[in-house]
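Reader: I should be grateful for a close look at the empty spaces within this protein, and at the parts of the chain that surround them. Please explain the terms as you go.

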Amino acid sequence: MKEGEGYLREAYPVWKLLEEHYEKIKKVHLRQLFEDDPQRGEKMVVEDEGIYFDYSKHRITSETLNLLLQLAEQSALQGHIEAMFSGEKINISEDRAVLHIALRSPRGDSIIVDGEDAVVKVHEVLHKMANFASQIRSGQWKGFTGKSIRNVISIGIGGSNLGPEMAYQALRYYSIPEIKFAFLSNIDGTDFYEKVSGLNPEETLFIISSKSFTTPETMVNTHTARTWLLNHHKNDKAISKHFVAVSTNRTMVQEFGIAPENMFVFWDWVGGRYSLCSAIGLSVMIAIGPENFYSLLRGAHRIDQHFHHTPLERNIPVLMALLSIWYNNFFGAETSAILPYEQYLKLFPVYLQQVTMESNGKCVDIEGRRVAYQTGPIYWGEVGTNGQHSFYQLMHQGTKLIPCDFIAFLEPLHKIGKHHELLISNVFAQAEALAFGKTEEVLRMEGVGEKLIPYRVFEGNRPSSMIILDRLTPENLGKLIALYEHTVFTQGIIWKINSFDQWGVELGKVLATRIAEELKNPAISHLTHDSSTNQLIKKYWKRNE
């Protein structure tokens, strides 16, 4: 038993069996598993809701899978799923429901939270978003001087930025060409400078996304945008034509100069990293149009229903979570790679970093006890063949075990020569190479000299999943988003942590506010930080005196 796993061993009777099973198969090679069962690649597949999920290249047997499924059952996973879908306040540290699933529930569904139907409220906002998006897209909405909007800049940070920017980049194929979109999050002034460089203020709309309308980084960028606009217009009335807000703080939004009718609300049962399908996705709806945005919601809802109702042994998010736990808690793997073979998904790994690591990067369980076992792994990745010429060397021949998710599409969005055929051949080949490698014997048969053989051996036995969809559409993007959201949920249930708070981001914010005031005042005679931080502040003072 690994140190610290005792609590999970007590909580789940099957945990001890998994430990014993791990000791038996930890050195079994994938080559052997496929040799023992030539139909393995046909059996260890789930195809549902337009997703082909191949998990045959994992270091598991049918016994492993049965034990992992018992783990899910002993965690009462199905009951926790029901609790989320019924609107119970499963975010216990903040006493909130967790209802990103309500954001894509179809009209007519009902989820009651605090006496109100969340689905009705969602569709009221969606209707308002669709009307506004149509006005911008058609040119009906005019700026202060009567010009149509040609630039949309979304200002937010964290989930208010990562989701919309990822989705916009992923769906640029469907975006309106007459309007340019940019996403501003970094407090670094360079980000603001580059985003507005060359833009005409008379044709620019800012979407401010901040639940409280007090988020420091977002509000600094927002006030800089206000100054930039008013330096041109010289009239405060221009604000209402060039700024809209996604927020819950009506008072501060109005004080800023944004008309109440141009504020789009969302709710405390929507976590930032799960908020893309809410009004936070307004910029995406403007870009791809209301119908395509509704298609994205339908895709996510289809996976919601799959997760809610499909038996565990064929439930794709559940299987993905169980495989992650198998490597994280038994093999000691500390990272997972997300490898989309689609250029438009270049920000998908970045987006998933927040969804996964802000959710499950926890060291305290739901009862407030410090855990002594690994929880959330590090997620990272890169698009397709770019990664092959970067970090795949480590994945193939390095000392780290890195489980991978390959994501591919059978049809390209742009049919150019044989590009897609070559792209797909690469994704299939990389999964095969990671799994089976190349032995010394094969190298000798190929005539490789003995001196070079140690350098050219690929040990293989590197696990991966293959996730295939037909084409990158708004609906299929919605499916991928929901797939990983529910994987994270399942992991959190089994690790007994709260996947829906994020207290870990607070301390740095508090300290930054304090230090920002100190940086402005070199006359302070006594700094009270540690000696390193004190010296860094003094270094700044000296350079800027």
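Author: A definition is needed before the spaces can be described. A pocket is an open set of points, on a 1 Å grid over the protein atoms alone, with protein on both sides within 12 Å along at least five of seven lines. Its volume is the space filled by probe spheres set on those points. Please keep in mind throughout that this is a predicted model.

In this sense, the second largest pocket has a volume of about 520 Å³. Its lining is made up of 21 residues, and those nearest the centre are Glu342, Gln343, Tyr344, His419 and Leu423. Two elements each give two or more residues to this lining, namely helix 17 (384-388) and helix 19 (419-436). Helix 19 supplies the largest share, 5 residues. Sorted by class, the lining contains 9 nonpolar, 9 polar and 3 charged residues.

The largest pocket holds about 870 Å³ of space. It is lined by 36 residues, among which Gly272, Gln502, Val505, Glu506 and Lys509 are the closest to the centre. Four elements contribute two or more residues each: helix 8 (159-170), helix 10 (216-233), helix 16 (348-360) and helix 23 (506-519). Of these, helix 10 gives the most, with 3 residues. The classes here are 12 nonpolar, 15 polar and 9 charged residues.

Helix 10 leads to a further part of the chain, for it is also among the elements that cover the buried residues of helix 9, together with strand 5 (151-155) and strand 6 (180-184). Helix 9 spans residues 189-196, and its buried residues are Asp191, Phe192 and Val196. Seen down the axis of helix 9, these residues fall within an arc of 110°, and they therefore line one face of the helix. A general property of the α-helix bears on this pattern: with 3.6 residues a turn, residues three or four places apart point the same way. On the other side of helix 9, Tyr193 and Glu194 are exposed. Both ends of helix 9 also deserve attention. At the N-terminal end, Asp188 acts as a cap, with a side-chain oxygen 3.0 Å from the backbone nitrogen of Thr190. After the helix comes Gly198, whose phi is positive, near 85°.

Now let us turn from pockets to cavities. A cavity is a set of points where a 1.4 Å probe fits but cannot get out. The structure holds 3 cavities of 30 Å³ or more.

The largest cavity encloses about 160 Å³. Of its 16 lining residues, Met320, Ser324, Ser336, Tyr379 and Asp405 lie nearest the centre. Helix 15 (316-331), strand 10 (335-340), strand 12 (404-409) and helix 22 (474-495) each provide two or more residues to the lining. Helix 15 gives the most, with 4 residues. The lining comprises 9 nonpolar, 6 polar and 1 charged residues.

Two of the elements just named, helix 15 and strand 10, are linked by a loop that contains Gly332. This glycine has a relative accessible area of 38% and is therefore partly exposed, a term for values between the 20% limit for buried residues and the 50% limit for exposed ones. Leaving aside residues up to four places away in sequence, Gly332 touches Tyr327 and Gln374.

The second largest cavity has a volume of about 40 Å³. The residues around it are Leu103, Val122, Val125, Leu126, Met129, Val265, Trp267, Cys277, Ser278 and Ala279. By class, 9 of them are nonpolar, 1 is polar and none is charged.

Val265, one of the residues lining that cavity, is also among the contacts of Ser247. Ser247 sits in the loop between strand 8 (243-246) and helix 12 (250-256). Its relative accessibility is 0%, so it counts as buried. The side chain of Ser247 reaches the backbone oxygen of Lys211 at 3.0 Å. Not counting residues up to four places away in sequence, the residues that Ser247 touches also include Ser210, Ser212, Phe213, Val253, Met263, Phe264 and Phe266.

Notes
Residues numbered from 1 in each chain as written. Predicted model: local features only at pLDDT ≥ 70, side-chain atom pairs only at ≥ 80, totals over all residues. Heavy atoms only, no water. 1 Å grid on protein atoms, 1.4 Å probe; cavity = no way out; pocket = protein on both sides within 12 Å on 5 of 7 lines; lining within 4 Å. Nonpolar A, V, L, I, M, F, W, Y, C, P; charged D, E, K, R; others polar. Buried < 20%, exposed > 50% of the residue type's maximum accessible area, 1.4 Å probe, protein only. Arc of directions from axis to C-beta. Contact = heavy atoms within 4.5 Å. Polar contact = N/O pair within 3.5 Å; in protein donor to acceptor, adjacent residues only side chain to side chain.
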